[in-house]
Amino acid sequence: MKQTDIAKQLEKLWISSIRVYSHHCKPKENWRKRWLHTYALCRVTEGDFELASNGTVYSLRKGDWCVLPSGTIVEGRTQSEHPAELTLILFTGAQLGKQAGAWRVSQPGLPMEGKLKAGTDTPAVGALCEQLVQTYESRQANFGITLKFTLSKLLSALLATGEADGGQRGSSNGLEPAIAYMDKFYMHNLSIRQLAGLAGFSLNHFTRMFKQQLDRTPSEYLQELRMAKAKQLLLSRQRIKEVAKQVGFRDEHYFSRAFKKTQGVAPTMYFKRNCHRVGALYYGLDEHLATLGLQPVAFLSYAERVYGGGGCGESDSGASSDCMRLSSVAPNYEKLLRIKPDLLLTSDRLDRDETFGLIAPTATIAHSNSGGRMLEQIAAILGRERQASEWLERYGEQRERLSKSIHNHWGRANAYFIRVSAGYYRVYGSRNQTGTLLYEDLGLSVPSLRMAGEWAKNISLQDVPDYNADHIFLMCDPTHEASWRLKELLGSEQWAALDAVKANRVHAAGDLMFKALGSASRLRAMERIADQLGVRR
């Protein structure tokens with residue numbers, strides 16, 4: 001990169017916070033996996049250190065630098081019987097830029113990542129690093145300004161003199177090229193002699209160095225890599241023959257024997273017998289796990305997203321008291337790394353996040369508004385079909401009983417589900433969990449054909465008369481803004497003119513919409529609606 005381009009890029013980099021550490025690593029010391037929520041510069045000042053970033057392994061020696069972006073999962077270990085010394089510079093910031101005449105703020109985009117090539121640690125770069133350490137430790141007046149100024153100079157020097165490896169691991173005289181090749185071509189028939197040649201070592205020296213630095217032989221590393229890939233592929237419900245082929249085994253029987261030897265169980269039974277610690281990364285999946293007899297070790301809470309971190313009754317009922325509550329608005333990598341799940345469940349309603357696959361095998365569950373389809377998917381993965389079948393039987397019996405009672409009491413009654421939020425009034429149609437609950441499970445009718453195929457529609461106060469119904473289930477978000485909008489609605493002429501309001505058939509929905517996502521709560525939600533409709537159960 002040209003020096004002028006570097007200068008322009010750094011001009012627009014605003015650094016908000018800096019922390020600097022000198023870390024002494026004991027011989028054979030291991031860093032557990034952790035989520036890096038800052039940008040980081042790592043410099044080895046003594047000894048050798050192995051650093052992994054999102055599964056990419058870098059062998060660092062004295063004088064080596066490594067640049068790590070925010071949002072990666074890192075781990076590391078001392079490579080030998082000797083200690084190592086590291087300098088860690090952690091910083092946060094933003095990139096400023098103009099677009100269409102307006103200033104925009106974005107994540108910093110440093111033009112390098114990973115291990116920097118040899119020759120980066122010049123005397124000038126080393127002096128700036130030492131100055132950062134001394135400034136941070138001294139904590140003298142205005143040290144924050146000095147830190148930011150010195151870090152800017154250091155980044156400029158690194159960008160000017162160092163070249164990132166672009167994700168390819170390091171120099172040709174280390175293990176990095178061989179490890180990178182194994183990570184990329186693990187499905188091929190790789191020979192140890194071929195890998196030794198990539199590293200620039202003799203066969204014996206390569207094997208000895210690999211064992212010394214990674215605490216396993218090249219064959220063991222390759223086997224572990226293949227087994228990890230196989231676990232993820234097994235979640236796709238592919239045939240064992242196809243999984244074996246994709247991870248480098250020509251014979252499915254040999255693959256099955258190798259899998260059982262390393263994992264203790266046949267590949268077809270791995271998730272059915274080995275998954276006792278399961279994390280739920282979408283709403284309602286925790287309840288499905290509980291229904292199947294498994295308490296999730298982590299769950300995505302309705303409370304934080306909908307109620308601003310406050311309680312929300314039984315909406316999180318699938319999780320036990322010692323289950324980790326995950327944030328719906330921030331990454332949860334560090335929390336998930338800490339609890340070490342056997343399996344993670346997520347939904348196809350969320351954007352695919354490859355980082356979860358670095359923490360544990362991750363199954364994507366196809367979302368469904370119907371009562372048991374998601375439960376059946378999870379049961380098939382975990383070998384809990386019997387528990388799912390028992391729940392579906394109870395669910396079917398209750399649905400039949402309650403829908404019949406409602407029809408006998410009200411005939412062909414119709415209903416709307418209306419939500420009041422801080423920014424809108426929203427009417428829900430049939431293509432969502434509340435629509436399925438009201439119209440499919442309990443047999444109520446959709447008042448308007450235009451909402452029969454709709455997910456939801458935002459309306460104004462003037463539109464309210466167009467959504468007349470025999471019954472209205474009314475939900476209000478627990479915020480001050482939503483409460484004011486609710487008062488405006490309840491005091492309006494438009495609201496007073498509705499048939500359900502005149503007949504006193506407006507029912508408090510509470511968190512019914514979110515309960516309809518979970519299995520156990522869905523059964524209770526049906527009973528609650530029947531009670532509100534005055535139907536004997």
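**Reading confidence, cores and rings in a predicted model**

Modeller: Let's start with a cautious spot: over residues 309-318 the pLDDT (the predictor's confidence in each residue, from 0 to 100) stays under 50, and the model has 29 contacts for this stretch beyond four places in sequence. A contact here means heavy atoms within 4.5 Å. This is a predicted model, in which local features need pLDDT of at least 70 and side-chain atom pairs count only at pLDDT 80 or more, while totals for chains, interfaces and linings use all residues. Residues are numbered from 1 along each chain as its sequence is written, and side-chain values use heavy atoms, with hydrogens and water left out.

Colleague: How should I read such a stretch, and what pLDDT does the protein average?

Modeller: Where pLDDT is low, the predicted coordinates should not be read in detail. The protein averages a pLDDT of 86, and 89% of the residues score at least 70. Residues 166-173 have pLDDT below 50, with 25 contacts in the model beyond near neighbours in sequence.

Colleague: Now the interior, please. How many residues has the largest nonpolar core?

Modeller: A nonpolar core is a set of buried Ala, Val, Leu, Ile, Met, Phe, Trp, Tyr and Cys residues joined through side-chain atoms within 4.5 Å. Buried means under 20% relative accessible area, exposed over 50%, and partly exposed in between (1.4 Å probe, protein chains only). The largest core has 120 residues, and Phe255 and Leu343 have the most contacts inside it. Helix 7 (residues 218-234) gives the most to this core, with 7 residues; helices are DSSP runs of H or I, at least four residues, numbered from the N terminus. A second, separate core has 25 residues, including Ile15 and Met112.

Colleague: And the aromatic rings: how many pairs are there?

Modeller: Rings of Phe, Tyr and Trp (its six-membered ring) pair if their centres lie within 6.5 Å; planes under 30 degrees apart count as stacked, over 60 as edge-to-face and the rest as tilted. That rule gives 18 aromatic pairs. Tyr181 and Phe185 are a tilted pair, 4.6 Å centre to centre with 45 degrees between the planes.

Colleague: Why is the pair of Tyr270 and Phe271 edge-to-face?

Modeller: Their ring centres are 5.0 Å apart and their planes stand at 85 degrees, so Tyr270 and Phe271 count as edge-to-face. Both Tyr270 and Phe271 are buried, and they belong to one aromatic cluster with Phe249, Tyr254, Phe255 and Phe259.

Methods
Helix = DSSP H or I, 4+ residues; strand = E, 2+ residues; numbered from the N terminus.
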